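Welcome, and please keep the viewer open as you read. Here is a short tour of a two-chain model.

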Amino acid sequence: MSNIRFFARKEKKLREKIERAPQDPENYLRLGKLYFLNSDYAKAAEVYERGLKVSPREKSLLFNYAVTREAQQDLEGAKEMFLEILSIDPNHQAAQEHLEKITDF
Amino acid sequence: MKQYLVVGAGRFGSAVAVTLARKGAQVMVLDKDEQTVQQLSEIVTEAIQIDVTDPGALGRLDLGEMDVAVVGIAGDLEAALLVTLQLKEMGVKTVVVKAKTRAEKKILSRIGADRIVFPERDMGIRVANSLVSPTIFDYIQVSPGFGIMETKVPKSIRGQTLREADIRARFGIDIVAIHRKAPQLDKNGQSELKSTLLIAPEATEVLGENDNLVIIGEESKIEKFKSL
């Protein structure tokens, strides 16, 4: 019960922060991670998408969104996003590792 | 039903073509060797003798409807590149290409290959994994027509417990383990999916969308279960 309350409090707080500072990608990232950790991948994806409208080339948003899509078994979508991260930062090791994992047999 | 094209019927291409055909898929094979084509024509839907390095040859075939093309002509990079380019231009949805080196992989990726495989390397990795850790499965044949496979939890039983899903009674297969991916953050605070293997899971275990099931049973029953 207390966990649910804690989640709801945190969710509310982060949503308010986003409303107050909609241009700050950090709050989208934190809220997305909160949903991800609670296995609510659809909501996490929704938040990351909103964040990416504000900061389309933000690597952390792209990476966490890509892992969320991987969790949703949307491997093609995840692959596209990892490729996008690598087009921004060719040395992004985590994106490289994930990409290899999902594209190799 | 998906339609597959296999270009180049060496050891790799032939194995792909024959396996797909035996699984009931529609398979077209292109190879320049007359004898190979003749042999495969007995097994696959269609086998055509053709020199794929001739730029006009592929163009004369209607290949745009193919769902997946497997290009198995590693060793002749120029030919593999040419064929991959042509197939993508024709509209083949997924082109899988065999490569030998990382450099080849890079080039093939750049020109639009959807998936690049290193059969020898991949087989080596798979064997090594199965030796050191039984957590990675694709398919292990236990005896002819009977095997172990890892597959996603079918949508129709997601959210159910193993007891509710009643897989053994309904599908005639057994669950050996659940391969579960749990969300967490890594040491850098980034999202990560941690894999754990629950061997001989309890009947009360709930099947989630991120779970894979390691199942054992007859191939035909496994296929039926996968297609749910």
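A good place to start is a loop residue: A:Gln73 sits between α4 and α5 (75-88) of chain A, where helices (H or I, at least four residues) and strands (E, at least two) are DSSP runs numbered from the N terminus. This is a predicted model, in which local features need pLDDT of at least 70, side-chain atom pairs count only at pLDDT 80 or more, and totals for chains, interfaces and linings use all residues. Residues are numbered from 1 along each chain as its sequence is written, while chains are lettered from A and ligands numbered from 1 in the order in which they are written.

Most residues other than glycine have a negative phi. Two exceptions are set side by side here, both partly exposed, a class between buried (20 or more other C-beta atoms within 10 Å of a residue's own) and exposed (12 or fewer), with C-beta atoms placed from the backbone.

| Residue | Phi | C-beta atoms within 10 Å |
|---|---|---|
| A:Gln73 | near 65° | 15 |
| B:Asp166 | about 50° | 13 |

B:Asp166 lies in the loop between α7 (162-165) and α8 (167-171) of chain B.

The two helices flanking A:Gln73 also pack together: the axes of α4(A) and α5(A) are 8 Å apart, at an angle of about 160°. Axes are lines fitted to C-alpha atoms over the stretch in contact, and angles run from 0 to 180 degrees between N-to-C directions. The pair is therefore roughly antiparallel, the term for angles over 145 degrees. Ten nonpolar, one polar and four charged residues form this contact; Ala, Val, Leu, Ile, Met, Phe, Trp, Tyr, Cys and Pro count as nonpolar, Asp, Glu, Lys and Arg as charged, and the others, Gly among them, as polar. Among them are A:Phe63 of α4(A) and A:Met81 of α5(A).

Which helix supplies the largest share of the side of chain A that touches chain B? That is α4(A), with six residues. In total, 15 residues of chain A are in contact with 13 residues of chain B, a contact being two C-beta atoms, placed from the backbone, within 7 Å. On the chain A side, seven of these residues are nonpolar, five polar and three charged.

Chain B has nine helices and eleven strands, and 28% of its 228 residues are buried.

As for confidence, chain A has a mean pLDDT (the predictor's confidence in each residue, from 0 to 100) of 89. Among its elements, helix α1 (residues 2-20) has the lowest mean, 84, and helix α3 (residues 41-54) the highest, 96.

Definitions and conventions
Parallel < 35°, antiparallel > 145°, perpendicular 65-115°, else oblique.
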